[in-house]
Structure formats: structure tokens, C-alpha cells
Amino acid sequence: MIDGPYYVLVLLGVLGTGLVAGVFCGFSTFVMRGLATLPPAQGVAAMNAINRAAVTPAFMLVFAGSAVLCAMIAVVTFVVWPDEGKAELLLGSALYLSGSFGLTLVANVPRNEALAALEPGTPEAASYWPAYVREWTRWNHVRTLASAAAAVAYVLALS
């Protein structure tokens with residue numbers, strides 16, 4: 001059984017990865033669908049505004065803080081090597097660090113930067129917008145599933 005400070009660390013990991021999964025789920029299920037129905041100039045402008053607004057201390061604390069927690073859980077798991085839950089703890093950490101945090105850096109952020117470089121009312125922005133929505137959302141589905149699966153893995157480790 002996981003207990004003491006290690007229990008609190010994993011519990012915070014459940015909370016962080018679950019919160020991030022919820023944010024990503026909201027984007028996958030209705031935010032991106034709503035933005036996709038707008039004319040391209042409005043969709044591009046709205047998404048650029050959302051991307052700028054997302055980089056707040058509150059969201060970054062949850063998003064990047066969860067990555068730090070997951071890394072700490074993985075390191076502590078290797079050091080303590082508990083009898084129960086080690087596979088779930090390592091799996092949860094790997095899922096979040098690669099499938100959520102890492103994927104954000106290699107798939108979603110580059111698309112956000114490419115979109116930010118476009119002027120909303122231009123033909124270039126209008127032609128990029130449908131591909132952006134499709135690709136960004138596809139990768140966001142993966143981030144959603146990875147974050148949720150990490151939370152589930154951590155819960156299983158605690159049970």
C-alpha cells in the first residue's frame with residue numbers, strides 16, 4: 001500500500017492529470033467544433049486569442065506542474081520500488097509525460113505558432129484553418145486520452 005508523502009504525491013498526480021484531461025476533453029468535444037463552424041478569419045482570430053490566454057500562471061501550474069509531479073512520481077517509484085502499484089505508477093507517468101506534455105510540445109504548440117504567424121483575414125489563413133482544426137483536434141484527442149489514462153493508472157496504483 002502506498003502511504004505517507006508518496007500517497008500525497010500520487011494523489012496530486014491524479015488530480016493534476018485529471019484536471020488536464022478535463023481541459024483537453026472540453027476542447028476536443030465542443031470548443032474546436034464551435035470554432036470550426038466560424039468563418040476562417042473569425043476562427044483563426046478566436047483560436048489565436050485562446051492560445052494567448054491559455055498561457056496563464058493558473059493553467060501552467062496545472063499543466064506543467066502535473067508534468068513535474070509525474071516525473072517526481074517516476075523517480076520516487078524507481079527509488080522506492082514499491083511492491084504494489086509500480087507498473088501503474090510508471091505507466092501513468094509515461095502516459096502523461098509523453099502523451100500529454102510531450103505531445104503538446106511536438107504537435108500542438110508548433111501548429112499554434114504557425115497559426116499565430118498568419119493574419120486572420122488572409123487567403124493563407126483561410127486555407128490553413130481547416131487543416132489546423134483537423135490536425136490540432138486529432139492530436140488533442142490523444143492528449144485527452146493520455147491524460148485521462150494517466151489519472152486512471154495512478155488511481156489503480158492507489159487502490
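**Chatting through a five-helix chain**

Student: Quick one to start: how does Pro39 count by relative accessibility?

Tutor: Pro39 counts as partly exposed, because its relative accessibility is 44%. The scale goes buried under 20% relative accessible area, exposed over 50%, and partly exposed in between (1.4 Å probe, protein chains only).

Student: Before I go on, what am I looking at, and what are the ground rules?

Tutor: This is a predicted model, where local features need pLDDT of at least 70 and side-chain atom pairs need 80 or more, while totals for chains, interfaces and linings use all residues. Numbering runs from 1 along each chain as its sequence is written, and side-chain values use heavy atoms, leaving out hydrogens and water.

Student: Got it. Where does Pro39 lie?

Tutor: Pro39 sits in the loop that joins helix 1 to helix 2. Helices here are DSSP runs (H or I, at least four residues), strands are E runs of at least two, and both are numbered from the N terminus.

Student: And how far is Pro39 from Ala126?

Tutor: Their C-alpha atoms are 8.4 Å apart, although Pro39 and Ala126 are separated by 87 residues along the chain.

Student: Zooming out, how many helices and strands are there?

Tutor: The protein chain has five helices and zero strands. Going along the sequence, the pattern reads α-α-α-α-α.

Student: What does the C-alpha trace span along its principal axes?

Tutor: About 60 × 25 × 20 Å for the C-alpha trace of the protein chain.

Student: What share of the residues counts as buried?

Tutor: Buried residues make up 40% of the 159 in the protein chain.

Student: Let's pick some. Is Asn140 buried or exposed?

Tutor: Asn140 counts as buried, because its relative accessibility is 0%. You'll find Asn140 in helix 5.

Student: How far is Asn140 from Phe27?

Tutor: In space, 7.7 Å from C-alpha to C-alpha; in sequence, Asn140 and Phe27 are 113 residues apart.

Student: What about Asn48, buried or exposed?

Tutor: Asn48, which has its place in helix 2, counts as buried at 7% relative accessibility.

Student: And the distance from Asn48 to Ala117?

Tutor: The C-alpha atoms of Asn48 and Ala117 are 9.5 Å apart, with their positions 69 residues apart along the chain.

Student: Changing topic: how many salt bridges does a search of the whole structure find?

Tutor: One. The criterion is a side-chain nitrogen of Lys or Arg within 4 Å of a carboxyl oxygen of Asp or Glu.

Student: Which side chains meet in a salt bridge?

Tutor: Those of Glu135 and Arg111, at 3.2 Å from N to O. The pair ties together distant parts of the chain, since Glu135 belongs to helix 5 and Arg111 to helix 4, 24 residues apart.

Student: Why can side chains of opposite charge pair?

Tutor: They can do that when their charged atoms come close.

Student: Is Arg111 buried or exposed?

Tutor: Arg111 is buried, because its relative accessible area is 19%.

Student: How does its partner Glu135 count?

Tutor: Glu135 counts as partly exposed, at 23% relative accessibility. Set that beside the 19% for Arg111, which is buried, and you can see where each value falls around the 20% cut-off.

Student: Last one: where is Leu12, and what is its relative accessible area?

Tutor: Leu12 has its place in helix 1. With a relative accessible area of 41%, Leu12 is partly exposed. You could put it on your list with Pro39, which is partly exposed at 44%.
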